[in-house]
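Hi,

Here is the structure I promised to pass on to you. Have a look at it first, and then read my notes below on what turned up.

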Amino acid sequence: MLIFSGSSNKSLTQKIAKHLDIKVSPAEIFVFPDGEKRIRIQEKVLDKDCIIIQSASIPPDENYMELFIMIDALKRSGAKTIKTVIPYLGYQRQDHIFRDGEAVSLEVIAEILVKVGMTELFSFDLHSPKIPEVFSVPVKHLSALPLFAEKIKKDFNLDEIVLVSPDMGGIRRIKQVSEMLGNVPFATVEKNRDLANGAITDAGLTGDVRGKTAVIVDDMISTGITMVEAANLLIENGATKVFVFATHAVLAKYADKILQKSRIERVVVSDTIEVPLYSLFPKLEILSIAKIAADALK
Ligand code: R5P
């Protein structure tokens with residue numbers, strides 16, 4: 001088994017390789033002055049099982065393009081299988097048509113990945129459980145939630161917390177975590193978005209959070225606005241403290257700054273996305289999904 005890394009998450013690749021007890025194989029990624037890339041696999045892959053790790057983090061289009069070309073290079077060099085780990089699957093929020101005239105971006109991504117040679121996909125905490133159906137190759141839907149449940153069990157008194165989904169779409173996720181923790185109570189924020197620009201238009205709360213430590217669990221933090229607004233709503237409704245857990249630290253725009261300045265005590269994420277040094281902030285804590293990925297790849 002050979003493992004290759006795209007440019008987006010080299011530290012995760014190293015950790016996964018360590019768990020698999022193999023070295024990361026070399027690939028030359030040359031960037032032309034105009035930004036185009038030339039990729040050359042520098043190892044014999046003929047008839048070998050190959051793995052590529054690449055997250056579709058910021059900039060997603062560039063990272064995807066690099067991944068497409070890397071898969072192509074492996075396929076042309078005769079790789080037997082190309083297992084592709086996209087820990088954070090970009091474009092998954094556009095998995096169906098919300099308004100007339102829209103593209104289904106995720107289908108475009110899925111078609112290209114399969115066309116260029118991906119034989120199996122591994123990804124974490126997909127936005128919807130139906131996403132694997134978009135792919136014509138097997139998909140392993142992995143999750144950071146057991147890691148979060150373990151951490152919650154260790155850091156909190158379970159009698160004092162209430163789990164919170166920051167939107168209706170996350171109820172399935174929050175129920176799973178609640179079960180992992182022996183049916184801890186949960187509440188839900190109901191938020192509505194303007195479909196044209198994504199802005200949150202209104203939010204309400206279902207469930208009792210008074211006198212409790214609220215632990216929000218979500219799949220991703222993009223701008224951070226969902227988390228900050230949910231935290232404000234929870235505190236207005238009597239929660240004593242708010243902690244946040246999210247698998248994918250997309251951290252777009254000023255997310256790091258607004259989360260640091262917010263009433264949230266701590267923001268726990270996983271390393272499906274490598275947080276750049278300039279986006280790290282004191283309240284941020286990062287847990288590794290490397291072992292979960294490695295176990296699935298064995
Ligand atoms: C939405 O459905 C997702 O689960 C996240 O809540 C959302 O993508 C977070 O976005 P932002 O951080 O920009 O509010």
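Let's start at the ligand, where a polar side-chain atom of Asp-218 lies 2.6 Å from one of the ligand's oxygen atoms. Bear in mind as you read that this is a predicted model. Asp-219 also brings a polar side-chain atom to 2.6 Å from an oxygen atom of the ligand. The backbone joins in too: a polar backbone atom of Gly-224 is 2.8 Å from a ligand oxygen. On its own the ligand has 380 Å² of accessible area, and the protein covers 90% of that.

Who else is around it? In total, 14 residues surround the ligand, and the closest are Asp-218, Asp-219, Ser-222, Thr-223 and Thr-226. If you want to find the shell by element, look at strand E9 (186-193), strand E11 (213-221) and helix H6 (225-236), which each give two or more residues to it. E11 provides the largest share of that shell, with four residues. Sorted by class, the shell has six charged, five polar and three nonpolar residues.

Now zoom out to the space that holds the ligand. Which pocket does the ligand sit in? It is the largest pocket, and that pocket has a volume of about 1,400 Å³. There are 45 residues lining the largest pocket, and Arg-93, His-127, Arg-193, Gly-198 and Met-220 are the closest to its centre. As for elements, E9, E11, H6 and helix H7 (255-261) each supply at least two residues of the pocket lining. E11 gives the most here, with four residues. By class, the lining of this pocket divides into 19 nonpolar, 15 polar and 11 charged residues.

There is an enclosed space to look at as well. How many cavities of 30 Å³ or more does the structure hold? There is one, and the space in this largest cavity comes to about 40 Å³. Its lining is made up of Pro-166, Val-189, Lys-191, Ile-200, Ala-203, Thr-226, Glu-229 and Ala-230. You'll recognise Thr-226 from the list of residues closest to the ligand. E9, strand E10 (200-206) and H6 each supply at least two residues of the cavity lining, and H6 has the largest share, with three. Five of the lining residues are nonpolar, two are charged and one is polar.

Finally, two spots in the backbone to click on. Where is the cis peptide bond? You'll find it joining Ile-58 and Pro-59, with omega at about 0°. Pro-59 is part of the loop that runs between strand E4 (49-53) and helix H2 (60-76). The other spot is Asp-125, which has a positive phi of about 35° although it is not a glycine. Asp-125 is in a loop too, between strand E6 (120-124) and strand E7 (139-142).

If you'd like a route through the model, begin with Asp-218 and its polar side-chain atom 2.6 Å from a ligand oxygen. From there, follow E11, which gives four residues to the ligand shell and four to the lining of the largest pocket. Then go to H6, which supplies three residues of the cavity lining, and end with the cis bond between Ile-58 and Pro-59.

Enjoy exploring it!

Notes. Residues are numbered from 1 along each chain as its sequence is written. This is a predicted model: local features need pLDDT of at least 70, side-chain atom pairs count only at pLDDT 80 or more; totals for chains, interfaces and linings use all residues. Side-chain values use heavy atoms; hydrogens and water are left out. A residue is near a molecule or strand if one of its heavy atoms lies within 4 Å of it. A polar contact is a pair of N or O atoms within 3.5 Å; within protein, one must be able to donate a hydrogen and the other to accept it, and residues adjacent in sequence count only if both atoms are side-chain atoms. Accessible areas come from the Shrake-Rupley method with a 1.4 Å probe; for residues, only the protein chains shown count as cover. On a 1 Å grid over the protein atoms alone, a cavity is a set of points where a 1.4 Å probe fits but cannot get out, and a pocket is an open set with protein on both sides within 12 Å along at least five of seven lines; lining residues have an atom within 4 Å of a point. A molecule sits in a cavity or pocket if more than half of its atoms lie within 2 Å of its grid points. Ala, Val, Leu, Ile, Met, Phe, Trp, Tyr, Cys and Pro count as nonpolar, Asp, Glu, Lys and Arg as charged, and the others, Gly among them, as polar. Grid points are joined across faces, edges and corners, and a volume is the space filled by probe spheres set on the points.
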